[in-house]
Structures are given as C-alpha cells and as structure tokens.
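Me: Pick one part of this model and walk me through it closely, please. I'd rather have a single spot covered properly than a quick tour of everything.

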Amino acid sequence: MAVGPQAANPPPGERDVLETAARADWRFRFQLKRRHVTPLLSGTAGPLKGRVRVPGDKSISHRALILGSLAVGCTRVSGLLEGEDVLCTAAAMRALGARLDRGADGIWTVTGVGIGGLIEPEALLDMGNSGTGARLLMGVVASHPLTAFFTGDASLRKRPMGRVGDPLSRIGARIVSRAGGRMPLAITGTGDPVPISYRLPVASAQVKSAVLLAGLNTPGVTSVIEPMPTRDHSERMMRHFGASVAVEDFSDGAREIRLEGQPELRAADLVVPSDPSSAAFPAVAALLVAGSELTIDGVGTNKLRTGLYDTLLEMGADITFRNERIEGGEPVADLLVKASELRGVTVPAERSPRMIDEYPVLAVAAAFARGPTVMHGLGELRVKESDRLSAVAEGLKACGVDFSIEGDILTVEGKGKPPAGGGLIAAKLDHRIAMSFLILGLAAKAGTKIDDGETINTSFPGFVELMNGLGARIAVEKA
Ligand code: S3P
C-alpha cells in the first residue's frame, strides 16, 4: 500500500504511521509550517519497569531508503524508523524516481532505479528537520545530471551545508545557497563526476557519507580520510548491496575509506536494529529513577555508536548487554538497565564521534551523579538540530543544575542527589533536547515542562506512550 494522503481507510494500527507520513508528505509538497505546538509536562515517577523495543535506527533507516533506491530490484526493509525525518527522505526518494511502499505488516519495499537512474524532482525537496537526509541526498544528487532544490524547517535552514557543498563541488557539482552554505539551496549534479580523495575537516559521518554516495556514480576510486572514525553504516550497507569498500586504519587514529565507483548495487533485504540513540532515553531514565529495572530489546551496539554506554558504565551504571548477536549486518543486544548511583567522570574528546547525539542526555545523567562530569570536544554540538551546547546550558540552568562551559568543554557539577527540576525548557525544534529534559523531570525534585514536544516525532514516534507504559508520568499540558 502506498503511504501518503492518498491511502484510504488504513487499519487502526497503521493510522499513526500514515498520519505522520501524510504530514511529512504535505509539508514536502506544500511547504506547510509545523502547525501544532504540544507542551509536555513530566513528573516524578515511581520505578520504571518492563521490557520494550525502541524504534529503528535513524541513521540506518535513511541509508536503507537511499541505497535501496539506488539498487536494482526490490529491497525489503523491516524495522524502519517511521519518524518524520525518515519519512521526508522517503518522500524525496519518490520525487527522485524510486518507488517506496509500506506493507500492512510494517515492512517497506523499495524498488530501486539503479545508480545513475534518478530523475529530476519537479518540486522542492523539503527535508524537514533532518540534517542527515539533506546531506546524504545532496551527495547522491551531486553525481547525477539533474538539478534539485533543497529546503527544510527553521532548524535545518540554520545549519551549515557548506561542509557538504565543498567536497561535492570538487566532484563537479554546482551549488547555489544562502549565505554560509545554508538552505534553501540548489544543487546541479554533474554527468561527468571526478573521483576525489577528501580529508574531512571535522569528524562527520554525514559529510563522509555524502562524499561516498556521490562516489557511487563516479568512475574510479573515491576516498575519504576521517580524522577519527565516525559511524560506518554507509560503508557497511554499501557492501551489503554489493559495492567494494576498503577501510584502512592509521596509527594516529585516522581512517581511510576507499570506494570503487559505479558498482552494480543489487537489492538486498535489510533489518534495521533499534536505535541506540533513542534507547538512551529510557536507559538513562531507568538509571535515575530509584528501583527501576528495564530491558530494551534489539538495540544496535555498533562500537561507533556506543560511547554513551561506555561512559555510563564508567560512571557506575548497572547496564548488562545480553543475547549479543548480529542482525542485518549490525551487532545488537538486549540491554538490562537497573537504577544506579552514578559518579562523575571525564569524557575524552576522542569519544565524541561515538556519542555525538548523546551529550544532552549524558548531561542529564551527570546532573544526578556524585561529582563533576567533564565532557571534552563538544564543538560540533553547536551545529546540531539546535545549538545543543546552549540549549543544554539553558535547560540545566532552568532545572537548578550547576555547570560551566569553557570553549568546547562542558562540566556538570553533580551533587549525588536529584536536582531541583521545575524548569520550563525551550525545545528549539530539537528532539533530543525535548526528550532529555523530560527524562530529567521524571527523577528531579520537581517535574519539568517542555514548550513543544512535537519535534520528538522526528526520531522517536510513540516516546511518551512508551515511557508512560514503563511507569513514567509524561502528559500533554492542558490548555
Ligand atoms: C548522523 C551523523 C551525525 C549525527 C546525526 C546522524 C548520520 O552527524 O549527529 O544525528 O546518520 O550520519 P555528523 O555526522 O554531522 O556528526
């Protein structure tokens, strides 16, 4: 069945997904602004107990739809994250000529057009809130002879796209953007792309992936050298579809990825593991709320994503990785998390690429720990869905937590007991800020309020229901 406003009389279980898809599709087509604002309150909860599965991995979901669209044949994807970010990528891939259908069983079928087979989209590609979708698709378009116009929501339009535009113009694409490389922007891809060897100026999986995706339709070898290894889902999935990707680690910690251009990608089914970045929210909640004991099933444990869990273990967290296995080419495990007394630690800058999205929720955990937690190397937080360093600082301040920021180092002064809480927090169109401070409100002396929780749908549809099912108290504020 096709997903979109045209789908008629869906069965009840599917309605949420279809509604979210329709919203993404409508925004995509008609440039509607987000109309709803949903203030959320979270209050002190009793122990959190139960067994849950969080939604599919966002990074892997984007890549599954993009690479499935570039493969020849039908790829079946199960466990796809049906959040707004990924649904924007689905809408964009349709506009570029691929066919994407969602079955009643939740399995998506992507009918790819083959590398080089994309068509020019008739309308703007509205990537919503998604930096990943936007940057990866810019890479894809760069080596196709077509022009595409990209835009996004107020958060995405502030984010720097020049970091992708620079290497893509070396390949031969032409990009016209607002000042600072910002969206809306137009990219005219080249029919005669040049293979490049590109050293990333910042550790960014999005930039790496954009260059590699452009390299798929480029003759010869495209290579990316990253200063520190970042999430490698693109490399793994390109191999899964039949591309030849070689990886070399250097003694200084850098890594080179070499892709042979113009492979024939063949459709290959995919299973998307649960997102470790989403699992972080119930996991940290269970650590902080006394008496909690929680199992989170099938969480991705790719080493390039698990920096938060390593840090929490160092802080004294009681987390056990059970039933470790490989699913769909990625390692997964069931996480058993028990309430724990945490102590402050120092988190080295080298760990940041492995936990770049988890600092807001780590800052919340650190607010309850005994002693300071010092987090180094947070410069990239300034250019996420919000300026996350400032958003975390404002949230901590509103909740009575002592902290300091010096350059790119954040120190949270935990007192070994619950902080005051009680703050009103501005989510700033940033899902991870919204969820992190709702978690703080579950265990602080007083609850918290988020000005708008709608943004949570970008990565974690059903977050409030899942948390409340475990015993949390999160509710929409009554008008
Ligand atoms: C992502 C990479 C990270 C991360 C983002 C998802 C990806 O961004 O913050 O949520 O899927 O490649 P950077 O690569 O820009 O650090």
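Reply: Sure. One term to start with: a pocket here is an open set of grid points with protein on both sides within 12 Å along at least five of seven lines, and its lining residues have an atom within 4 Å of a point. Keep in mind that this is a predicted model.

Let's go to the second largest pocket, which has a volume of about 480 Å³. Where does it sit? Domain 1 (40-55 + 273-476) and domain 2 (58-271) both contribute to its lining, so the pocket lies between them. There are 33 lining residues, and those nearest the centre are Ala203, Ser204, Ile356, Glu380 and Lys384. Helix H2 (58-70), helix H4 (131-142) and helix H6 (205-216) are each good for at least two residues of that lining. As for character, the lining counts 15 charged and 10 polar residues, plus 8 nonpolar ones.

Now for the ligand. Its surroundings include Lys58, Ser59 and Arg63, then Thr132, then Ser204, Ala205 and Gln206. Arg231, Ile356, Asp357 and Lys384 are around the ligand as well. You'll recognise some names here: Ser204, Ile356 and Lys384 are listed among the residues nearest the pocket centre, and they also turn up around the ligand.

Which atoms make polar contacts with the ligand's oxygens? Arg63 puts a polar side-chain atom 2.7 Å from a ligand oxygen. Ser204 also uses its side chain, with an N or O atom 3.0 Å from an oxygen atom of the ligand. Gln206, on the other hand, works through its backbone: an N or O atom there is 2.9 Å from a ligand oxygen. How much of the ligand does the protein cover? On its own the ligand would expose 380 Å², and the protein buries 96% of that.

While you have domain 2 (58-271) up, look at two backbone details. Most residues other than glycine have a negative phi, and most peptide bonds are trans. The Met183 to Pro184 bond, though, is cis, with omega near 0 degrees, and Pro184 belongs to strand S9 (residues 182-188). Gln262 isn't a glycine, yet its phi is positive at about 50 degrees; you'll find Gln262 in the loop between strand S13 (255-260) and strand S14 (270-271).

Terms used:
Residues are numbered from 1 along each chain as its sequence is written. This is a predicted model: local features need pLDDT of at least 70, side-chain atom pairs count only at pLDDT 80 or more; totals for chains, interfaces and linings use all residues. Side-chain values use heavy atoms; hydrogens and water are left out. On a 1 Å grid over the protein atoms alone, a cavity is a set of points where a 1.4 Å probe fits but cannot get out, and a pocket is an open set with protein on both sides within 12 Å along at least five of seven lines; lining residues have an atom within 4 Å of a point. Grid points are joined across faces, edges and corners, and a volume is the space filled by probe spheres set on the points. Helices (H or I, at least four residues) and strands (E, at least two) are DSSP runs, numbered from the N terminus. Ala, Val, Leu, Ile, Met, Phe, Trp, Tyr, Cys and Pro count as nonpolar, Asp, Glu, Lys and Arg as charged, and the others, Gly among them, as polar. Domain bounds come from an automatic or database domain assignment. A residue is near a molecule or strand if one of its heavy atoms lies within 4 Å of it. A polar contact is a pair of N or O atoms within 3.5 Å; within protein, one must be able to donate a hydrogen and the other to accept it, and residues adjacent in sequence count only if both atoms are side-chain atoms. Accessible areas come from the Shrake-Rupley method with a 1.4 Å probe; for residues, only the protein chains shown count as cover.
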